[in-house]
Amino acid sequence: MSELTPYLCVSDSRAAIEWYVGALGAEVVFEPIVMPDGRVGHVELAVGEARWMMSDEFDSAGVAAPDPARGSAVSLHLTTADVDALCARVVTAGVALDRGPEDSPPAGRVAVFRDPFGHRWFVNQPLD
């Protein structure tokens, strides 16, 4: 085995796609598969080489978006060339940072935020 790809569930995939493209600079690398009822059953996004899959909620399959009233069970770690620029876009897109951006040796420059869909992101700019 050589790869682990997160598969996120959100309450509104169309809004999430728009937010991830605008705030994180993501691109859609696999166009949404829209189910007969209009929900997005699958889509894939990427920021550089970092890729993730996503869908809307499907109760019948036991797939649910995070509950914002609870803590996150998983954090997504995204390496970026410019933590400050990414954080500026995240804040402009309406999200408060939980931490940073700050220097945190030996990790580098880091920040943490929760996206509007309940997922926790740890962004990292390695030291040169």
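These legends walk through a few close-up views of one predicted model. Residues are numbered from 1 along each chain as its sequence is written. Local features need pLDDT of at least 70, side-chain atom pairs count only at pLDDT 80 or more, totals for chains, interfaces and linings use all residues, and side-chain values use heavy atoms, with hydrogens and water left out.

**View 1. An open sheet of four strands.** The strand order is 1-4-3-2, with mixed pairing; strands here are DSSP runs (E, at least two residues) and helices are runs of H or I of at least four, numbered from the N terminus. Two strands pair if DSSP finds at least two bridges between them. Strand 1 (7-10) and strand 2 (27-34) stand at the edges with a single partner strand each, so one side of each has no neighbour in the sheet. From one strand to the next, the twist averages 20°. Look for strand 3 (residues 40-47) and strand 4 (residues 50-56), which pair in the antiparallel sense over five bridges. Leu45 has Trp52 of strand 4 as its bridge partner.

**View 2. Helix 1 and its two ends.** Helix 1 (residues 13-24) lies across strands 1, 2, 3 and 4, running at about 155° to strand 4 (axes are lines fitted to C-alpha atoms, for helices over the stretch in contact, with angles from 0 to 180 degrees between N-to-C directions). Its buried residues, meaning those under 20% relative accessible area with a 1.4 Å probe, protein chains only, include Ala16, Trp19 and Tyr20. At the start of helix 1, a side-chain oxygen of Asp12 comes within 3.2 Å of the backbone nitrogen of Arg14. After the helix comes Gly25, with a positive phi near 75°.

**View 3. Trp52 meets Trp121.** The whole structure holds seven aromatic pairs, counted when ring centres of Phe, Tyr or Trp (its six-membered ring) lie within 6.5 Å; planes under 30 degrees apart are stacked, over 60 edge-to-face, the rest tilted. Here the Trp52 and Trp121 ring centres are 5.4 Å apart with planes at 70°, so this pair is edge-to-face. Because Trp52 lies in strand 4 and Trp121 in strand 8, the pair ties together parts 69 residues apart in sequence. Trp52 is buried at 3% relative accessible area, and Trp121 is buried at 3% too. Ring pairs link both into a cluster with Trp19, Tyr20, Phe113 and Phe117.

**View 4. The surroundings of Asn124.** Asn124 sits in strand 8 (residues 120-125) and is buried, with a relative accessible area of 8%. Beyond its neighbours within four places in sequence, Asn124 is in contact (heavy atoms within 4.5 Å) with residues including His77, Val83 and Arg109.

Note on methods:
Buried means under 20% relative accessible area, exposed over 50%, partly exposed in between (1.4 Å probe, protein chains only). A polar contact is a pair of N or O atoms within 3.5 Å; within protein, one must be able to donate a hydrogen and the other to accept it, and residues adjacent in sequence count only if both atoms are side-chain atoms.
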